[in-house]
Amino acid sequence: MNQDTTQLRSTPPSGAGGIVIINYGAGNIQSIMFAIERLGFKAVLSNNPEEILAADKVIFPGVGEASYAMKKLKESGLDSLIPTLKQPVLGICLGMQLMCKSTEEGNTEGLGIFDVDVIKFTPKVKVPQMGWNQIYDLKSDLFKGIQENEFMYLVHSFYAPYCDEAIATTNYELEYASALKKDNFYGTQFHPEKSGVVGEKILENFLKIP
């Protein structure tokens with residue numbers, strides 16, 4: 001949607017403050033920015049702790065290799081900051097995986113927010129899983145208005161096994177957690193910003209979380 005940025009609201013629907021996308025050098029940031037703009041809002045890119053702490057909503061993106069991404073987080077001190085955040089936080093793809101206890105990718109210790117270890121798909125299936133796959137067993141307001149078995153876009157070789165914190169499930173070789181929630185922290189293995197109208201509805205739902 002072509003829209004002048006002066007017409008975009010800088011606050012989410014809850015109206016409490018701004019949207020910050022954490023910019024730590026390992027994120028698929030532009031597509032997330034554009035998706036938020038299509039919803040009629042704008043977000044600020046920042047690795048500034050004060051701006052992140054003051055945000056109403058925080059999005060934690062991630063693409064690439066886990067150990068490199070964690071190295072970038074540690075360089076800026078964000079590895080210590082993120083687990084302390086009190087506002088709603090959404091980790092996307094690698095961002096979600098880094099919020100887990102650990103990942104086999106690069107034998108990387110995670111942020112420990114979600115109580116699950118990320119592991120690699122076996123050689124029995126093609127990796128990465130790239131393309132559209134269904135999500136089901138949907139829980140939490142993140143999926144308000146979303147039908148079971150909708151298709152989301154995924155690109156990943158590692159996954160979070162099904163666990164108590166799972167709020168969406170996907171099957172690829174086996175059932176795994178394609179979305180997680182603990183307290184104010186949410187994570188999606190899929191890319192809502194690349195998943196069409198349904199994905200943008202999930203982003204909008206996140207922005208409406210009190």
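Let me start with helix H1, residues 29–38, where the buried residues are Ile29, Ser31, Ile32, Met33, Ala35 and Ile36. Bear in mind throughout that this is a predicted model. The cover over those buried residues of H1 includes strand S1 (19–22), strand S2 (44–46), strand S3 (57–60), strand S4 (89–92) and helix H6 (196–208). On the spacing, a general point: an α-helix has 3.6 residues a turn, so residues three or four places apart point the same way. Just after H1 comes Gly40, with a positive phi of about 95 degrees.

Helix H6 also holds Lys201. Is Lys201 buried or partly exposed? Lys201 has a relative accessibility of 28%, so it counts as partly exposed. If we set aside residues up to four places away in sequence, Lys201 touches Lys144 and Ile146. From Lys201 to Leu111 the separation is 90 residues in sequence and 27 Å in space, C-alpha to C-alpha.

Now the strands. Strand S5, residues 100–103, runs parallel to strand S7, residues 114–120, and three bridges join them. Within that pairing, Cys100 is opposite Phe114 of S7. S7 also pairs with strand S10, residues 158–161, in the antiparallel sense, over two bridges. There, Lys120 is opposite Phe158 of S10.

S10 in turn pairs with strand S12, residues 174–182, again antiparallel and over two bridges. Pro161 has Tyr176 as its bridge partner in S12. S12 has an antiparallel pairing with strand S11, residues 166–172, over six bridges, and Tyr172 is opposite Leu174 of S12. S11 and S12 form a hairpin with one residue between the strands, and Glu173 has a positive phi near 75 degrees.

S12 also pairs with strand S13, residues 185–188, antiparallel over four bridges. Leu180 is opposite Gly187 of S13. The hairpin of S12 and S13 has two residues between the strands, and in it Asp183 has a positive phi near 55 degrees.

Next, His156. His156 sits in strand S9, residues 150–156. Why do we call His156 buried? Its relative accessible area is 4%, and buried means under 20%, so His156 is on the buried side of that cut-off.

What does the side chain of His156 reach? The side chain comes to 2.7 Å from the backbone oxygen of Phe158. A polar contact of 2.8 Å also links the side chain of His156 to that of Gln129. Beyond its neighbours within four places in sequence, His156 is in contact with Gln97, Phe121, Pro128, Gln129, Tyr176 and Gln189. Tyr176 is the S12 residue we met as the bridge partner of Pro161.

That brings us to the largest pocket, which has about 160 Å³ of space. Which residues line the largest pocket? The lining consists of Val63, Gly64, Cys93, Leu94, Gln97, Glu105, Pro128, Val155, His156, Ser157, Phe158 and His191. By class, that lining has six nonpolar residues, five polar and one charged. Helix H5 (94–98) and S9 each give at least two residues to the lining.

To go back over the links: His156 belongs to the lining of the largest pocket, as does Phe158. The backbone oxygen of Phe158 is what the side chain of His156 reaches, and Phe158 is the residue of S10 opposite Lys120. Gln97 and Pro128, two more residues of the lining, are among the contacts of His156.

Notes. Residues numbered from 1 in each chain as written. Predicted model: local features only at pLDDT ≥ 70, side-chain atom pairs only at ≥ 80, totals over all residues. Heavy atoms only, no water. Buried < 20%, exposed > 50% of the residue type's maximum accessible area, 1.4 Å probe, protein only. Polar contact = N/O pair within 3.5 Å; in protein donor to acceptor, adjacent residues only side chain to side chain. Contact = heavy atoms within 4.5 Å. Pairing = 2+ DSSP bridges. 1 Å grid on protein atoms, 1.4 Å probe; cavity = no way out; pocket = protein on both sides within 12 Å on 5 of 7 lines; lining within 4 Å. Points joined across faces, edges and corners; volume = space filled by probe spheres on them. Nonpolar A, V, L, I, M, F, W, Y, C, P; charged D, E, K, R; others polar.
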